[in-house]
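Thanks, everyone; I would like to spend a few minutes on charged side chains and how they pair in the structure I am about to show. Please have a look at it first, and then we will go through the pairs in turn.

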Amino acid sequence: MPLFNFDSNSKQFIKCENYDRSLHGSSNSKSDLYRKRYLKVLQRTERNDYFATPVLASDKLKNEHQTITPLSSLLGNTGRKHVLGTISQIEEDQFYIEDLNTNVKIDISKASFEFGIVTINSIIQASGEYIDGVFIADKIQLPPTEERCETLKFLQNIDMFGERPQKKTMEQLIKYEKEKEDNSILFLSDVWLDSERVMERLDYLFGGYKDCAPFAMILMGNFTEHPLINGTQYQLKKYFNDLANLIQKYPNIHQFTQFIFVPGPTDPTGSLLNILPKFPISNVFTKEFLSVIPNSTFTTNPCRIRYCSQEIIVFRDDLTNKMRRHCILEPSQSCDISQHLIELICSNSHLCNLTLEDKPIYWNYDHAMSVYPLPDILVIGDKSNQYEHSRADGTYSMNPSSFSTDYSFAHYIPSCKQFYYNKADRPSDEIEDDEEEEKEEEEEETNQNENENENENRNEDEDENENENENENRNGNRNGNENENENGKQQIGNTQDKNKEDDEIMIDENEKQKSNRRRNKKVIIISKEDELNKLEDDEEILNSLDAQQQSENENTINYDNEDGEHQNNNNIESEVQEVEKEEEEDEDPIDNDKLDEFI
């Protein structure tokens, strides 16, 4: 935007070709900032019919005519005066009014105030008397505004907006503007690209314009829900790529719609501080997006747009809350706070009149915040509710509200200069259908979950039953093993008892046999030595056999297997039979004839 300075001598604006474009201005830059603001408002106020000097002098015109009194002329000048100056607070709890030459204490405690917002650094018009070094104001109001057409007449061929077309070109643009009745411009503020629900609403919005693509879409930040700091700024690149993919889904919008991006207070634009005017979003984050969506522009905040014959200023900031918080006079309740805000902006010809401490501004670029002359359309991207105001000076101001909050946006038709306020909300029928579908899906999910739970419970019950059966089987096996062990122990005990009894019987029988043998041996007298020796050998064999039988019987008692009883009995019987056979073989049968002969 070009820089123009007002020359008090020639009463004209002169374009400055060479001026300091550094972001870090000198001390003179700060003082020039306030001086340029004041001169811009002063020259416009002096041209107002209420303060303009009449051409023909008459008593009636003299009584109706008022003049702006310089503050340096108040001393010794009695009576009610009208002063114009910037209100400031040099001392605590004490306000001052300043012009180009001096400052004077001002008492506003008893002043009436009707329309607008007054903050520190605001330019006001005060009426009252100067008494004892204090200007006691009885009425305070904002400077009068000027219609756009009157300002353009005064400026003649000076283009303060930038690149104004020539007269013939302007006529053609006006004709084109009226013919293109379908052209429209959409304004959206607070477009959070990192929010899924916002992207879904954008998808729904694009779907509504897919057959009749708008001429331009102006998207204002913030472009993320939370500020991107500490190295997270590069996530913005991914969010813009997601937006590019969404735009490509709609060929008409992709081909014919011009996208304009205005950064918000927390968007990364090269500085961590929210200093005005804000630079465009860096090309590092937008390079891939621009390659896919060539019909897009990343601009400054505020930005100026020229559509045919119309000049549009777009400014994204939460001005309503800030101005209301820093106001020093309570605004009237007769109208909405947004009307007071627009009145302050238009009367001061500046977008933000807060102190530099409350709202920093680059001193050398303060002219980018200027609203002179008044534009055709003034768009304030604010988080407050939607509003629109058509002023008598020809400026139409509006706020599209926050798209991320209630999905509100503004639809502007330049041919008829008409705004329509909409919401990217789906119709009730679609919502009901979606709700029914969601309910059905939820019911299906619940049924599936119930079935899964039932199956799981069944599986758990089966597992529990199997575990119980296994435990029972294990317990049964343990009990069976215990019983078998007990039975085995009892059987072993019984076999031991039986074996003992059998051993005793065998011992008795052996003893009987021995006694019988001895008796037989006493009766038999053999004369031959061979026969006596045989009898002695027989006795030794019988004794050895008896000892073997006893040892084998003791060994059979220690068997623990279940078949011990039968094996022992069989072994004992077999051994007894073998012994009997051996005895029968060893004993020579007694020959009765020999015995008789011997006797």
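Let me start with the term itself: a salt bridge here is a side-chain nitrogen of Lys or Arg within 4 Å of a carboxyl oxygen of Asp or Glu. Please keep in mind that this is a predicted model. By that rule, the count comes to 18 salt bridges.

The pair I want to dwell on is R148 and D376, whose side chains meet with N to O at 3.5 Å, and which therefore counts as a salt bridge, since the limit is within 4 Å. This pair links distant parts of the chain, 228 residues apart, with R148 in helix α3 (residues 148-155) and D376 in the loop between α10 (337-348) and β15 (377-381). Are the two partners buried or exposed? R148 is buried, with a relative accessible area of 10%, and D376 is buried as well, at 13%. The pair also belongs to a network of salt bridges that links R148, D159, R306, E311 and D376.

Let me turn to another region. K322 forms a salt bridge with D317, with the closest N and O atoms 3.0 Å apart, and D317 is buried, its relative accessible area being 1%. R324 pairs with E330 in a salt bridge whose closest N and O atoms are 2.5 Å apart, and here R324 is partly exposed, at 32%.

Finally, T320 lies in helix α9, residues 319-326, and is buried, with a relative accessible area of 8%. Leaving aside residues up to four places away in sequence, T320 touches I337, L341, D382 and S384.

Notes:
Residues numbered from 1 in each chain as written. Predicted model: local features only at pLDDT ≥ 70, side-chain atom pairs only at ≥ 80, totals over all residues. Heavy atoms only, no water. Helix = DSSP H or I, 4+ residues; strand = E, 2+ residues; numbered from the N terminus. Buried < 20%, exposed > 50% of the residue type's maximum accessible area, 1.4 Å probe, protein only. Contact = heavy atoms within 4.5 Å.
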